[in-house]
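This report looks at one loop residue, one helix and one contact between chains. Please keep the structure in view while reading.

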Amino acid sequence: MEMAGLITWARVKSPWLFHFNSGSCNNCDIELVDALTPRFDVERFGVLLEGSPRHADVLVVTGIVNRQAAPRLKRVYEQMPNPKVVIALGTCATSGGIFAESYNEAGPVDKVIPVDVYIPGCPPRPQAIIDGVVKALAKLQALKSGKR
Amino acid sequence: MYVIFMGFVVAPNVGLFFTWIHRKLGARMQWRVGPPIYQPWADFVKLMSKETLVPATAHRTVFLLAPPIALFSAVLAFLIMPFVIRSPLEFTGDVIVVLYLMIMPAIAAMIGGSASGNPYAAVGVQREMTLVFSYEFPFITAVLVPVLKAGSLRFADIVSYQMERGPFLLSVSGAIAFAVSIMVMQAKLAFPPFDIPEAKTEIIAGPYTEYSGASLALFKLAHATMLFVLPCFVANMFLGGLAIRFNDPVAATIDVVLIIVKLLALVMVMALIRFFYPRARPDQAFGMFWKAATTWAAIALTLSVISVMVGLPYL
């Protein structure tokens, strides 16, 4: 296997998640943690939940991104090393949901940072979240190193 | 050639294999399947290929130098110890040097963490420092037991003494000192119940919070290498060493099996402790070392002094 192929393989086999709550009702957060339980055992695919954005490859954003959270979300996104992908998790993060066009909304997520994968649902099932991570991996595979 | 091969090929790769054993055992204990065998290598290659960010608040040189220091000290500690054959780098007093080299990864984490300028890293560094101060004293006291019994500060002498008269684990003082060493190994690798410096749910990743890409990969590799170095050290000190008697094919086969059994047993004991216990509070952990571990190590040392003076090898 040549070097570039090896690196792509390693990236796809070891996606580390960082979870950012930008004003979610906690429902999507609970489902994300559900998806990481032994029942689904995503460590089989190398998925780990990391505490620091510096260690992560995949940024999972939940919530509508309110005005307070928007600059923080931007900073967390900029703190992540390249290459990285962003997943918008839940109806609020993809479109604003029932909070769309409310006075404190700065989002949805794709208004603040570029989003690669959308997972709708209120909340999405763990199976849907795992499916979304797999789609993010396909995106990661297509990325060249250095590019976003 | 031997040095390059053993230090930079065997030690990190066996260490990564041991981290896989840990993750797999933890997964099986939680009734899941766990990661495939290539997982630690995939993680390492991925981290190496990622961008390395240096925070604006960090001292650039110190921040980037800390991970290689950690890795090279771990590799050097392994090279000085006898493994299969006597080390070409051995000298009188190498036990002391290895003791110092095995603290170096923790010190490198402290230096790098404080150079990163992150408040979480600062808390992690304080915790790491207090932990190092509390476990080093009982550890050195426990290591003095085989040193006293063999009457030498040289690995080769300690191992050959044990090959003649049986491992130190089979004596009372040796068994106590071995138990103290197991406890210290857990703290040196920051595994539960002593994962206080990098407690994920409290201080993100402690000293490693700001590390990304290749420098994080080197820290992870240093940690994996230490997961191989520490069992080697304890096996050399208490379990009769990791030597092979090449002159006799039957004995050599038995020795190869024994090496694998000793190392895997130590790694599995560490994994069991790691996945059965929750994180101790800092004051609880420091109390465990300063009160319980230091007392037991002192008892073991006293017994070993008596055994050497009176001539009772089993004491």
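Helices and strands are here DSSP runs, of at least four residues for a helix and at least two for a strand, and they are numbered from the N terminus. The model is predicted, and its features should be read with that in mind.

## A proline in a loop

In chain A, the loop that runs between strand E5 (117–119) and helix H6 (126–142) holds Pro120(A). Pro120(A) counts as partly exposed because 17 other C-beta atoms lie within 10 Å, whereas a buried residue would need 20 or more.

Leaving aside residues up to four places away in sequence, Pro120(A) touches Thr91(A) and Thr94(A). Although Thr91(A) is 29 residues apart from Pro120(A) along the chain, their C-alpha atoms are separated by 4.8 Å.

## A kinked helix in chain B

Helix H3 of chain B, residues 60–80, is made of 21 residues and reaches 31 Å from its first C-alpha to its last, which is close to the 30 Å expected at 1.5 Å a residue. H3(B) nevertheless has a kink of about 30° at Ala66(B), shortly before the proline Pro67(B).

Both Ala66(B) and Pro67(B) are among the buried residues of H3(B), which also include Phe63(B), Leu71(B) and Phe78(B). The cover over these buried residues includes helix H1 (2–29), helix H4 (94–116) and helix H9 (213–238) of chain B.

## Where the chains meet

The contact takes 18 residues from chain A and 26 residues from chain B. On the side of chain B that touches chain A, the elements giving two or more residues are helix H2 (39–49) and H9, and H2(B) supplies the largest share, 6 residues. By type, the residues of this side of chain B divide into 11 nonpolar, 8 polar and 7 charged.

Conventions: Residues numbered from 1 in each chain as written. Chains lettered and ligands numbered in written order. Predicted model: local features only at pLDDT ≥ 70, side-chain atom pairs only at ≥ 80, totals over all residues. Buried ≥ 20, exposed ≤ 12 C-beta atoms within 10 Å, placed from the backbone. Contact = placed C-beta atoms within 7 Å. Expected span 1.5 Å × (residues − 1). Bend = angle between axes of the 7 residues up to and from the residue. Nonpolar A, V, L, I, M, F, W, Y, C, P; charged D, E, K, R; others polar.
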